[in-house]
Number of protein chains: 2
Amino acid sequence: MNEILNCINSRRSIRKYKERQISEADVQAILEAGILAPTARNQQKWHFTVIQKRELIERMASITMENVMRYADEHLKGRASMPGASTFHHAPTVIMMTADEKTDYIELDCGAATENMALAAESLGLGSCFIASSRYLLKSPEGVAIMKELGIPEGYRHVCCLTLGYKDFTPEPRQRNKNVVNYVR
Amino acid sequence: MNEILNCINSRRSIRKYKERQISEADVQAILEAGILAPTARNQQKWHFTVIQKRELIERMASITMENVMRYADEHLKGRASMPGASTFHHAPTVIMMTADEKTDYIELDCGAATENMALAAESLGLGSCFIASSRYLLKSPEGVAIMKELGIPEGYRHVCCLTLGYKDFTPEPRQRNKNVVNYVR
């Protein structure tokens, strides 16, 4: 197994982080990896917001979780009400991906970019976790106001977030269903 | 730069392939990389169809391009009418990603899986290209019939394709817009 396959294989979603902030060099390497992802038609209608203000991350998490408890399904509510649960897992860095709301294929583009950033983080010894439930931030006026505070470009909408930090706990691999392939030869 | 960052940096979208088919070991390594991508809620509501029947790939391409000329915007029509243009670039292998149409976040999940497969391919010396215009296959009854021929699971819908093969031409890097980041610290 080469180093790339090994990195893909060994990466886990990390939900517990050390307090220590990640280095600026690592932030830049991770952003570069995201920006290098391919986009449909080379459109690049995306935006990366790097959030490292702890108070703001925790405020975003708490608004998101309130909205989850109000509007989400039972699965998400259950997860949000577990002891110590927090949308961004108290990570010291969160990258929010937003994209031009008028553009097609932006989830596909942002999925590729976020995976590139997650693999880049793993290669640098850092942990990461895709966060999709952060869209519940937008379900209340306080959350919408935070998007302004974040400086998201006009006409861009939330797609997902990636948490980043030093791993404080690495879980066992999740089971993968291998029965999801067919062949036409 | 470590090997993972280097792989992300050096990968290009390949649109010209050699005739030679890729090995079964490489197909399996690439699928494994796709299946190892994270999914929202670990839902894994995706399916990977490996297509290696050349006649079928070319037939899919020709139906797709007819539909593009009929229904797509000027940008796509222009690309489809370029000399030698073909939806799947005459690649010997195409992986179609489909996903449960009732499930949220599937484009994000499939974007991450497709990028994993593209990086795995690059690490194995193979070329790849994300194809999103393949959704035009579904715009005509012959195209819908092909989805049956492909054995796509009931209730699953097309998300994107990835072409795979030995590179016959490696283009220069595309320009990336670096002005897509802001910081909140």
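Two strands are said to pair if DSSP finds at least two bridges between them. Helices (H or I, at least four residues) and strands (E, at least two) are themselves DSSP runs, numbered from the N terminus. The model is predicted, and local features need pLDDT of at least 70, side-chain atom pairs count only at pLDDT 80 or more, and totals for chains, interfaces and linings use all residues. Residues are numbered from 1 along each chain as its sequence is written, while chains are lettered from A and ligands numbered from 1 in the order in which they are written.

A good place to begin is where the chains meet. Strand S5 of chain A and strand S1 (residues 46–51) of chain B run parallel, joined by four bridges. Within this part of the model, Tyr183(A) stands opposite Val50(B) in S1(B).

A sheet is also shared between the chains. Its five strands form an open sheet with mixed pairing, in the order S3(A)-S4(A)-S2(A)-S1(A)-S5(B). At the edges lie S3 (127–131) of chain A and S5 (181–184) of chain B, each pairing on one side only. Inside chain A, S2 (residues 93–100) and S4 (residues 156–165) run antiparallel and are joined by eight bridges; Thr98(A) stands opposite His158(A) in S4(A).

Turning to the contact as a whole (C-beta atoms, placed from the backbone, within 7 Å), chain A and chain B each bring 57 residues. On the side of chain A that touches chain B, H5(A) gives the most, with 12 residues.

Conventions. Two residues are in contact if their C-beta atoms, placed from the backbone, lie within 7 Å.
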